[in-house]
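Here is a friendly walk through the inside of one protein model. Keep the viewer open while you read.

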Amino acid sequence: AVDRSKADYVRSGQGSGTKSPSKERWVSAPEELNAGGITLTTDLVYFGKPNERYAYPSHNSLIDPTLSVASSGDPDGSTFSYWPDYADLDSRARRTYLEWLANGRKEPDIPIGYVFIFFYGLERRFVFDRAEDDYPAITAELKRLLSIYSSSGSFGHYCSNFLEFAQALSGDLPDETDPVKALDYRNSYEMPLSLRIRLSEILKSGEPFNAEEALCWLLVLPDTYLRTPAHRCFEELLSLWSIRFDEVYPDGLKVRSPKTTIKAHYRPAA
């Protein structure tokens, strides 16, 4: 854990102890960097000169220290394009982005495009580089970002999907067999990956489903529609469901395991 209020700062000038610009690399721990005359301390970013000018996939989160940074920022994001890329940012936007990094990546009102630039780097490190040693830190950062910027529908969608995918690959999935959470998932177009994996584990074990697990499965099905009383009296519904489920399936609901396996695909925001 890092106390960013003490560790992160930004100032003009070259500073002392900074490294000369080198080829792009991943900064895994808080480190003092210099970009365009701005010195800052940050982590979980790509930094350095591009290895290739036209690399694929596009390296749109790379902080190139040779690019100019203005003396004033663009806090409103007025110079942004639809798909922000650090290399293509206006020099004023670069300053605001670097200040946001240095201040702990926590200002809730910053234009979401700045957050996406940083997010693209996390995606690249996890999916493209497959740097498993960094998985825990990236997963923790996704949770933190989601707690701050989930009010953005676009970012909330991409970050939630990425977090779910990251947790599945790292084996850090939470137990999602909670009917209250399942009710929230009804806003999604498909059953969440975490819940699919949890239900599949029960199927594979040959164990019967209990009342809560069966209700979770039912609630997230696209052809299940809850009427007004169920929404207004959900706690009472849970109690009544358990009573009637136990009457019909006293030993739990046994389901034959299918041969089909789960296929998970992740489509990066970048």
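## A buried asparagine and its surroundings

N60 is buried, because its relative accessible area is 6%, under the 20% limit for that class. Do bear in mind as you read that this is a predicted model. N60 sits in the loop that runs between β5 and α2. Leaving out residues up to four places away in sequence, N60 is in contact with P84, D85, Y86, I117, Y120 and A270. A further pair to look at is N60 and D88: 28 residues separate them in sequence, while their C-alpha atoms are 8.5 Å apart in space.

Burial can also be compared with two cysteines. The table puts the three residues side by side.

| Residue | Relative accessibility | Class |
|---|---|---|
| N60 | 6% | buried |
| C216 | 0% | buried |
| C233 | 36% | partly exposed |

C233 counts as partly exposed because its 36% falls between the 20% and 50% limits. As for disulfides, the count comes to zero.

## The nonpolar cores

Which residues touch the most other members of the largest nonpolar core? They are Y97, L98 and F119, in a core of 45 residues. At least two residues of this core come from each of β2 (25-27), β3 (31-35), β4 (38-42), β5, α2 (91-102), α3, α4 (135-149) and α5 (153-170). The largest share is that of α3, with nine residues.

L98 makes a good starting point for a closer look: setting aside residues up to four places away in sequence, L98 touches A35, I38, L40, I63, V69 and Y86. Y86 is also among the contacts of N60. Separate from this core is a second one of eight residues, with L199, L203, F209 and V220 among them.

## The cavity

How many cavities of 30 Å³ or more does the structure hold? There is one, and the space in the largest cavity is about 30 Å³. Its lining is made up of L44, V45, Y46, S61, Y97, I117, F118 and G121. Two elements, β5 (45-47) and α3 (112-128), give two or more residues to that lining, and the largest share, three residues, is from α3. By class, six of the lining residues are nonpolar and two are polar, with no charged residue.

Some names link these parts of the model. Y97 lines the cavity and is one of the residues with the most contacts to other core members. I117 is likewise in the lining, and I117 touches N60 as well.

Technical notes: Residues are numbered from 1 along each chain as its sequence is written. This is a predicted model: local features need pLDDT of at least 70, side-chain atom pairs count only at pLDDT 80 or more; totals for chains, interfaces and linings use all residues. Side-chain values use heavy atoms; hydrogens and water are left out. On a 1 Å grid over the protein atoms alone, a cavity is a set of points where a 1.4 Å probe fits but cannot get out, and a pocket is an open set with protein on both sides within 12 Å along at least five of seven lines; lining residues have an atom within 4 Å of a point. Grid points are joined across faces, edges and corners, and a volume is the space filled by probe spheres set on the points. Helices (H or I, at least four residues) and strands (E, at least two) are DSSP runs, numbered from the N terminus. Ala, Val, Leu, Ile, Met, Phe, Trp, Tyr, Cys and Pro count as nonpolar, Asp, Glu, Lys and Arg as charged, and the others, Gly among them, as polar. A nonpolar core is a set of buried Ala, Val, Leu, Ile, Met, Phe, Trp, Tyr and Cys residues joined through side-chain atoms within 4.5 Å. Buried means under 20% relative accessible area, exposed over 50%, partly exposed in between (1.4 Å probe, protein chains only). Contact means heavy atoms within 4.5 Å. A disulfide is a pair of cysteine sulfur atoms within 2.5 Å.
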